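Reader: I am new to this structure. Could you take me through it in short steps?

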Amino acid sequence: RKFTANRAQELELTGWVRNRFDEKAREAQGSETNVAQLMKDLKKGPKHALVSKLDVEDREMVGGESGFEVRRD
């Protein structure tokens, strides 16, 4: 979660990340270029990580978000 949140904040994206028992869930929005960069970074993952799968889904923009946060279940 920390890697995702830090990278999203650097890219000035809004949204959230949280862990679920079976996966990490994320939602990010911002410029198309910056969202694409975040997806590229997530596919690579942080140092020493092995990313085996990344599902991406287009969604409607969410109004009123002002930052990127780590959510707790």
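Reader: Is His48 buried or exposed?
Author: This is a predicted model. His48 is found in the loop between α2 and β3. Exposed means over 50% relative accessible area. His48 has a relative accessible area of 78%, so it counts as exposed.

Reader: What is the phi of His48 near?
Author: Most residues other than glycine have a negative phi. His48 is a residue other than glycine, yet its phi is positive. The value is near 70°.

Reader: Which residue in the loop between α1 and β1 is found there with a phi near 60°?
Author: The loop between α1 and β1 holds this residue. It is exposed, at 69% relative accessibility. Its phi is a positive value in a residue other than glycine. The residue is Glu12.

Reader: How confident is the predictor in the protein chain, as an average pLDDT?
Author: In the protein chain, 95% of the residues score at least 70. The average pLDDT of the chain is 87.

Reader: Which element of the protein chain has the highest mean pLDDT?
Author: Strand β2, residues 24-29, has the lowest mean, at 83. At the other end stands an element that covers residues 32-44, with a mean of 93. That element is helix α2.

Reader: What is the order of the strands in the open sheet?
Author: The sheet has 3 strands, with mixed pairing. β2 and β3 stand at the edges, each with a single partner strand, so one side of each is left without a neighbour in the sheet. Neighbouring strands are turned by 10° against each other on average, direction ignored. The order is β2-β1-β3.

Reader: In which sense do β1 and β2 pair, parallel or antiparallel?
Author: Strands of a sheet pair through backbone hydrogen bonds, in one sense or the other. β1 and β2 pair over 6 bridges. Within this part of the sheet, Trp16 stands opposite Glu27 in β2. The sense of the β1 and β2 pairing is antiparallel.

Reader: Over how many bridges do β1 and β3 pair?
Author: β1 and β3 pair in the parallel sense. Gly15 has Phe68 as its bridge partner in β3. Val17 stands opposite Val70 in β3. The number of bridges between β1 and β3 is 3.

Reader: At about what angle does α1 run to β3?
Author: α1 lies across β1, β2 and β3. Its angle to β3 is about 170°.

Reader: Which residues does UniProt list for "active site"?
Author: The listing comes from an unreviewed UniProt entry. The listed residues are spread over 19 residues of sequence, yet they cluster in space, with a largest C-alpha distance of 7.3 Å. One of them, Arg1, is in the lining of the largest pocket. The listed residues are Arg1 and Asn19.

Reader: Which residues does Arg1 touch, not counting residues up to four places away in sequence?
Author: Arg1 is found in the segment before α1. Arg1 is partly exposed, with a relative accessible area of 32%. Its contacts are Val17, Arg18, Asn19, Lys24, Val70 and Arg72.

Reader: Why does Asn19 count as partly exposed?
Author: Asn19 lies in strand β1, residues 14-19. Buried means under 20% relative accessible area, exposed over 50%, and partly exposed lies in between. Asn19 counts as partly exposed because its relative accessibility is 30%.

Reader: How far apart in space are Arg20 and Lys43, C-alpha to C-alpha?
Author: Arg20 lies in the loop between β1 and β2. At 35% relative accessibility, Arg20 counts as partly exposed. Arg20 and Lys43 are 23 residues apart in sequence. In space, their C-alpha separation is 19 Å.

Reader: What distance separates the C-alpha atoms of Lys53 and Leu42?
Author: Lys53 is found in the loop between α2 and β3. Lys53 counts as exposed, at 62% relative accessibility. Lys53 and Leu42 are 11 residues apart along the chain. Their C-alpha atoms are separated by 9.8 Å.

How values were computed
Residues numbered from 1 in each chain as written. Predicted model: local features only at pLDDT ≥ 70, side-chain atom pairs only at ≥ 80, totals over all residues. Heavy atoms only, no water. UniProt positions renumbered as here; feature names shortened; annotations may be inferred. 1 Å grid on protein atoms, 1.4 Å probe; cavity = no way out; pocket = protein on both sides within 12 Å on 5 of 7 lines; lining within 4 Å. Helix = DSSP H or I, 4+ residues; strand = E, 2+ residues; numbered from the N terminus. Buried < 20%, exposed > 50% of the residue type's maximum accessible area, 1.4 Å probe, protein only. Contact = heavy atoms within 4.5 Å. pLDDT = per-residue confidence, 0-100. Pairing = 2+ DSSP bridges. Axes fitted to C-alpha atoms, helices over the stretch in contact; angles between N-to-C directions.
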